[in-house]
Amino acid sequence: MSGDRDLDGLDPATLATHLGRHPERHLGAVNTPVYRASTILFPTMAALEAASLGQAPEPTYGLHGMPTVTDLQAAVAALEGGHAALAVPSGLTATTLPLLALAKPGDHVLVVDSVYGPTRRFCDVHLKRFGVDVTYYDPWSGAGIAALIRPTTTLVFTESPGSLTFEVQDIPAVAAAAHARGAKVILDNTWATPLGFRSFEHGVDVSVHAATKYLGGHSDVLLGLVVANESAYPALHRLWTDMGLTASADDCFLALRGLRTLPTRLARHQASALEVADWLSRRAEVREVLYPALPGARGHALWQRDFRLATGLFGIVLNPVPRERVAAMLDGMRLFGMGWSWGGFESLIIPTWPERVRTATAWDPGGPVLRLHIGLEEPRDLIDDLAAGLARLAA
Ligand SMILES: *Cc1c(COP(=O)(O)O)cnc(C)c1O
């Protein structure tokens, strides 16, 4: 995992600097280089025969993970406190791989109603096609989820906070209810990252990340990570191997590079997001701020209890206003870009329509909803941009 060095008992920020690096194996280079390799050559027939029997210690086939891939996997697993991790080509692959690996025909799966949209579509189209029954549940249900668990329920899919609506789930209560009935818990932990929420200490069996977001951190990588405990890992590794789902070495290199600055970037994202969210919460145009880290926001107590930090993504509900006014606001932004994939260094703002997909719960916040990603710009500049935008909104 961390080579010959003893990294026990260190702060996560220190670990993010040191995990997954082995200069002694790479001519002293600080970073694990990009290993581009499909073919692995063997010196003798005996060595090739041993590899064919699974008896070789080194990688024997490029697809099964060269050091750039395995160092990232080991670093993220250690950082989050999981048994092992798998790198996959996208965040969406990370959310769907455990569903496919752990559910079988006849099973019942519970999925949170605030789940990332494409994960939901995978459940509705593909899990159902494979004979898996899917029920959506209220993100606020906590221990109440026990009432929905059937004898056939094998998985509970969670995501906290929801990436459009920001409900915080009581993950320990959900996990206790699921485990009492023999079901496993998957968490989409993209918002909090391995630094913000220690999944395995809260009862999660499989934690998944769109590393595309904060781990990459520069809006130029598509990558997913699946981190699992010891009991869930073998089935995930089996499917990862059998479907050939490994990530590219170049993308893993960029994620390892992103990991080194993750604690520093997240501290800035959180501080700036809190400043901007607090400012927005005082504006007459804003009905509600959906940011669990903000005192007084929904879910704040749960966030405070379970999370180590917040990141830069949150929502706001505007007071009722015609669509044209929202368009006037968004079309004229100077710094905030409009785009869906967040977690980079730059700020974003988009309208969202959570009510279009919900089935278990109604989403009726009383006005248009915007989602903001607060990047690494100076927050005063972002606030000036938003102030001008709100003036266009109210004009
Ligand atoms: C973006 C995102 C994903 C998917 O990540 P991609 O790399 O874009 O496929 C999954 N879950 C959440 C919560 C996300 O925000």
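**The largest pocket and a four-stranded sheet**

The largest pocket has a lining of 35 residues, and those nearest its centre are Tyr116, Gly117, Pro118, Ser163 and Leu164. The structure is a predicted model, with local features needing pLDDT of at least 70 and side-chain atom pairs pLDDT 80 or more, while totals for chains, interfaces and linings use all residues. Numbering runs from 1 along each chain as its sequence is written, and side-chain values use heavy atoms, leaving out hydrogens and water.

A pocket here is an open set of points on a 1 Å grid over the protein atoms alone, where a 1.4 Å probe fits, with protein on both sides within 12 Å along at least five of seven lines; lining residues have an atom within 4 Å of a point. The largest one holds about 860 Å³ of space, counted as the space filled by probe spheres set on the points. Domain 1 (12-258) and domain 2 (263-394) both contribute to the lining, so the pocket lies between them; the bounds come from an automatic or database domain assignment. α4 (91-102), α5 (117-129) and β10 each supply at least two lining residues, and α5 gives the most, with four. Helices (H or I, at least four residues) and strands (E, at least two) are DSSP runs.

On to the sheet that includes β10. Four strands form an open, antiparallel sheet in the order β8-β9-β11-β10, where pairing takes at least two DSSP bridges. β8 (286-290) and β10 (348-352) are the edge strands, each pairing on one side only. In the middle, β9 (residues 313-318) and β11 (residues 369-373) share five antiparallel bridges, with isoleucine 316 opposite leucine 370 in β11.
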